[in-house]
Amino acid sequence: MLSSILLVSFVYTITPRIFIVEPNTARYLLNTIISSLVMTLSISISVIFFTVQLKSTKWTHKVLDLWINFNWNYILLVFFFTAIVHSTIILALISEGLYTSKWVVKGINFDIIMFGICLILLVVYIFRVLKLLKPSNILKNLYRELNYYIKNNLIDDAIKQLDIIYDITKKATSDFDIAT
């Protein structure tokens, strides 16, 4: 998460002053950016959460834990939250008549660049989540946890983990799922 914040700060410092527009155009542009980011993030998270719930119902409740602890969640939220909040602040400054400030013009350019970065990150995030939710990767993560429990002599947790792996194997066998 700290690396995401540092990366956003780095993007802000290297933002060029390419897009110089009049105040009304900037207002419309920032309104579009804000509404697009909020809508895109909410729909994407809803669809992904629905997918995770389906996988969790089919295989094990651990799928939800895997997704919640997935590092890309924090990266995506930091970038989207920063872009939305920053765009809202710049929009408020433009409405106050502070458009001529160098900081505001750089902020508009930063928001445009962050919009593109957020959309690219969202595409990468979706592919990473789909890869995480593959049954073979779910089993790899479960085996990794099982090895951790065995190495640390957590016998009860290891037995629970073995039960989960056994249930997944049984479900895959009964569904004739050869890939799992």
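**Group meeting talk: a seven-helix predicted model**

Leaving out neighbours within four places in sequence, L76 is in contact with L41, I45, L121, L122 and Y125, where contact means that heavy atoms lie within 4.5 Å. I would like to begin from that residue and work outwards, but a word on the model comes first.

What you have in front of you is a predicted model, in which local features need a pLDDT of at least 70 and side-chain atom pairs count only at pLDDT 80 or more, while totals for chains, interfaces and linings use all residues. Residues are numbered from 1 along each chain as its sequence is written, and side-chain values use heavy atoms, with hydrogens and water left out. The pLDDT is the predictor's confidence in each residue, on a scale from 0 to 100; the mean for the protein chain is 76, and 72% of its residues reach 70 or more.

The protein chain has seven helices and zero strands, and its pattern along the sequence reads α-α-α-α-α-α-α. Helices here are DSSP runs of H or I with at least four residues, strands are runs of E with at least two, and both are numbered from the N terminus. Among these elements, helix α1, residues 2-13, has the lowest mean pLDDT, at 65, whereas α4 has the highest, at 84.

Let me return to L76, which lies in helix α4. Is L76 buried or exposed? With a relative accessible area of 2%, L76 is buried, because buried means under 20% relative accessible area, exposed means over 50%, and partly exposed is in between, with a 1.4 Å probe and protein chains only. L76 and C118 are 42 residues apart in sequence, and yet their C-alpha atoms are 7.4 Å apart in space.

One of the partners of L76 is L41, which is found in helix α2, residues 23-58. L41 counts as buried because its relative accessibility is 15%. Not counting residues up to four places away in sequence, L41 touches L76, L77 and F80. C118 comes up again here, since L41 and C118 are 77 residues apart in sequence and 9.3 Å apart in space, C-alpha to C-alpha.

Helix α4 itself deserves a closer look. Its 25 residues reach 37 Å from the first C-alpha to the last, close to the 36 Å expected at 1.5 Å a residue, where the expected span is 1.5 Å times one less than the number of residues. Its buried residues include L76, F79, F80, A83, I84 and I90.

What does the surface show? F81, V85, I89 and W103 form a nonpolar patch there, with about 390 Å² of accessible area together. Patches are made of residues with over 30% relative accessible area and no salt bridge, with like charges joined within 9 Å and nonpolar side chains (Val, Leu, Ile, Met, Phe, Trp, Tyr) within 5 Å; a salt bridge is a side-chain nitrogen of Lys or Arg within 4 Å of a carboxyl oxygen of Asp or Glu. Accessible areas come from the Shrake-Rupley method with a 1.4 Å probe, and for residues only the protein chains shown count as cover. Helix α4, residues 71-95, gives the most to the patch, with three residues, while W103 is found in helix α5, residues 102-132. W103 counts as partly exposed because its relative accessibility is 41%.

I68 has its place in helix α3, residues 62-68, and, leaving aside neighbours within four places in sequence, is in contact with N73 and Y74. I68 is partly exposed, with a relative accessible area of 43%.

Towards the later helices, α6, residues 135-151, has 17 residues and reaches 24 Å from its first C-alpha to its last, close to the expected 24 Å. Its buried residues include I138, L139, L142 and L146, and just after α6, N153 takes a positive phi of about 55°. L139 and T169 are 30 residues apart in sequence and 9.5 Å apart in space, C-alpha to C-alpha; T169 has its place in helix α7, residues 155-174.

Finally, for the protein chain as a whole, buried residues make up 36% of the 180 residues. About 10800 Å² is exposed, and carbon and sulfur atoms supply 68% of that area. Among contacts with a separation of 6 or more, residues 24 or more positions apart account for 76%.
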